[in-house]
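Me: Could you take a close look at the nonpolar core of this protein for me, and then walk me through what else stands out around it?

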Amino acid sequence: MKRYDDSKFINHFINAPLGLIVLESSRELGHKIDDYLVRITRELQPGADIDSFIIPIEEIRFANGDGKVVLKESVRGKEVFIICDVGNYGCTYSMYGMVNHKSPDDHFQDVKRVYQL
């Protein structure tokens, strides 16, 4: 079985510095992807000073259930990928003092909030 050449993928599709926005629902997967991309980048570009592609964010929920996402650094000029698991019911938030589990729509709304920034 022929193995896919990662270097061709990276060089062909990435035209700008890469950035990953990892939402709460997919932190474990996001960090695995980040580790993989850092390793591949260091192999393809020896001496590359890259520790992580993850863009720091803060996910905020208000008392009425509304939310917002704050980016902690600029994404200008970067190719950004948003990683989210819309089926993760393990994420919770408090609304009017009651604990709620995030629905797929709640996760999708978070993705839209990031995309509109």
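Reply: Happy to. Of the 117 residues of this protein, 28% count as buried. Please keep in mind that the model is predicted. The secondary structure comes to three helices and six strands, which run α-β-α-β-β-β-β-β-α from the N terminus on. Among contacts between residues at least 6 apart in sequence, 57% join residues at least 24 apart.

Now to the part you asked about. The largest nonpolar core has seven residues: Leu18, Leu20, Val22, Leu37, Val38, Phe53 and Ile83. Two elements, β1 (18-22) and α2 (27-44), give two or more residues each to this core. The largest share, three residues, comes from β1. Apart from this core lies another, of five residues, including Ile21, Ile55, Val69 and Val114. As background, nonpolar side chains in soluble globular proteins tend to be buried together.

Phe53 is a good residue to click on if you want to see the core from within. Leaving aside neighbours within four places in sequence, Phe53 is in contact with Leu18, Gly19, Leu20, Asp34, Leu37, Val38 and Thr41. For its aromatic ring you may wonder about ring partners, but a search of the whole structure finds zero aromatic pairs. An aromatic ring does have a charged partner elsewhere: Arg61 lies over the face of Tyr93, at 4.5 Å from the ring centre.

At the bench, you will probably also want to know about the cysteines. The count of disulfides comes to zero. Cys84 is in no disulfide, and the nearest cysteine sulfur, that of Cys91, is 7.9 Å away. Because a disulfide needs the two sulfur atoms within 2.5 Å, the 7.9 Å between the sulfur of Cys91 and that of Cys84 is too far for a bond. The surroundings of the two can be told apart as well: Cys84 is partly exposed, with a relative accessible area of 23%, while Cys91 counts as buried at 4% relative accessibility.

One more residue deserves a look, Asn88, which is found in the loop between β4 (79-83) and β5 (92-95). A polar atom of the Asn88 side chain lies 2.9 Å from the backbone oxygen of Ser25. Not counting residues up to four places away in sequence, Asn88 touches Ser25, Lys102 and His107.

To come back to your request, the core to focus on is the seven-residue one, with β1 giving three of its residues.

Notes
Residues are numbered from 1 along each chain as its sequence is written. This is a predicted model: local features need pLDDT of at least 70, side-chain atom pairs count only at pLDDT 80 or more; totals for chains, interfaces and linings use all residues. Side-chain values use heavy atoms; hydrogens and water are left out. A nonpolar core is a set of buried Ala, Val, Leu, Ile, Met, Phe, Trp, Tyr and Cys residues joined through side-chain atoms within 4.5 Å. Buried means under 20% relative accessible area, exposed over 50%, partly exposed in between (1.4 Å probe, protein chains only). Helices (H or I, at least four residues) and strands (E, at least two) are DSSP runs, numbered from the N terminus. Contact means heavy atoms within 4.5 Å. A polar contact is a pair of N or O atoms within 3.5 Å; within protein, one must be able to donate a hydrogen and the other to accept it, and residues adjacent in sequence count only if both atoms are side-chain atoms. Rings of Phe, Tyr and Trp (its six-membered ring) pair if their centres lie within 6.5 Å; planes under 30 degrees apart count as stacked, over 60 as edge-to-face and the rest as tilted. A charge sits over a ring if NZ of Lys or CZ of Arg is within 6 Å of the ring centre and within 35 degrees of the ring normal.
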